[in-house]
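Student: I should like to learn how to read helix packing, helix faces and unusual backbone geometry in a structural model. Could we work through one together?

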Amino acid sequence: MAEIRDMESMQRPARRPFRWHIIVFMLPAFLIYSAVMIIPLAGTLWLSLFNVVDNQRVFVGLGNFVTLFGDEKWSVDFWNALRNNVIFFIIHMLVQNPIGIALAALLSVPKLRFATFYRTAIFLPTLLSFVIVGFIWKLILSPIWGVTPYLLDLVHLKFIFGPWLGKPSSALIAVSLISVWQYVGIPMMLIYAALLNIPDEVLEAAEMDGITGWSQFWKIKLPLILPAIGIISILTFVGNFNAFDLIYTVQGALAGPDGSTDILGTLLYRTFFGFQLQLGDRSMGATIAAVMFLIILAGVSFYLFTIQRRMRHYQF
């Protein structure tokens, strides 16, 4: 019997000791992340379930959300901000990311001269403060002292110039394109890194099969960088639905004219902190923040559990 027990103990795999040092190393990061992200997020979600009645905080459940979506006073501004936010995101997806992919493809050409200079110049606006970017573009597009009318006049296109930031029909597009100009370097660099990660053997095999030039990009390179494009898309989604700073700098807290550039971030700012004669409402501000969080969570979850699972990944 003793021999049998010894044989069983020899066959049983040895238990690995628990690695306490992992907890020790992760604890500082977890505490900082909790203090900066998790606790404020939980507090915001909890605050959205309360309201102030007769100077007393009262639990109202989902009452604030019903008010935000259905009350005439709140719903008009909310749905306008949400619609503008969707347009803001679509413009970035249709303009910024394709331009970033095209620039990365051009910069990855082996024989391109001054590629380093071009990369630096395109990525440089990303490092600038949004205050500087907003102020510069307000000067450039100003009908009074801006340089845009003069530049358009040089190519005989001055007739298309207008006060784009002052017209409700064009203000959102103008601000979106300013944002595209500032952040197009991010998708460019991510796609550029993905293109450089493609092994030379794959490209040489494609060239041996007669696939060169742009045909090689569409048939070989593009399928290989689809995971990177997916990451860029979800980063664009999260960044756009968290946007606030550039619109605040260019158009102010009222996101004019007539709320045409108002998005969820600027609506949250005015609602929570108040602006001019409008008093701040912490409960409704937290409700708008909770809606923004749920929208971002839904978009990220959709990408992770549907698109990313069906996307083919290649390992080299």
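Tutor: We shall take helix packing, then one helix face, then a loop. Please bear in mind that this is a predicted model.

Student: At what angle do α4 and α9 pack, and how far apart are their axes?

Tutor: Helix α4, residues 72–107, and helix α9, residues 185–196, pack at about 45 degrees, and their axes lie 8 Å apart. Angles of 65 to 115 degrees count as roughly perpendicular and those under 35 degrees as roughly parallel; α4 and α9 are therefore oblique to each other. The crossing of α4 over α9 is right-handed.

Student: Which residues of α4 and α9 meet?

Tutor: From α4 the contact involves Q96, N97, G100, I101, L103, A104, A105 and L107, and from α9 it involves P187, M188, I191, Y192 and L195. By class, this contact of α4 with α9 has ten nonpolar, three polar and no charged residues.

Student: How does α4 pack with α8?

Tutor: The angle between α4 and α8 (residues 171–183) is about 45 degrees, with the axes 10 Å apart. These two helices are therefore also oblique to each other, and α4 passes α8 in a right-handed crossing. Residues of α4 including N84, F88, I91 and V95 take part in the contact, as do residues of α8 including L172, S176, V180 and Y183. The contact of α4 with α8 comprises nine nonpolar, five polar and no charged residues.

Student: How should one read the faces of a helix?

Tutor: An α-helix has 3.6 residues a turn, so residues three or four places apart point the same way. In α3, residues 63–70, the buried residues are N64, F65 and L68. Those residues span an arc of only 100 degrees around the axis, which puts them on the same side of α3. V66 and G70 are exposed on the other side of α3. The cover over the buried residues of α3 includes β1, α4 and α15.

Student: What is unusual in the backbone of the loop between α13 and α14?

Tutor: Most residues other than glycine have a negative phi, and most peptide bonds are trans. Here, a cis peptide bond joins G256 and P257, with omega about -5 degrees, and P257 lies in the loop between α13 and α14. A255, in that loop, has a positive phi near 50 degrees. D258, also in the loop between α13 and α14, has a positive phi of about 55 degrees.

Student: Are A255 and D258 buried or exposed?

Tutor: A255 counts as buried because its relative accessibility is 0%, whereas D258, at 76%, counts as exposed.

How values were computed: Residues numbered from 1 in each chain as written. Predicted model: local features only at pLDDT ≥ 70, side-chain atom pairs only at ≥ 80, totals over all residues. Heavy atoms only, no water. Axes fitted to C-alpha atoms, helices over the stretch in contact; angles between N-to-C directions. Helix = DSSP H or I, 4+ residues; strand = E, 2+ residues; numbered from the N terminus. Parallel < 35°, antiparallel > 145°, perpendicular 65-115°, else oblique. Left-handed = near helix turned anticlockwise from the far one by under 90°. Contact = heavy atoms within 4.5 Å. Nonpolar A, V, L, I, M, F, W, Y, C, P; charged D, E, K, R; others polar. Buried < 20%, exposed > 50% of the residue type's maximum accessible area, 1.4 Å probe, protein only. Arc of directions from axis to C-beta.
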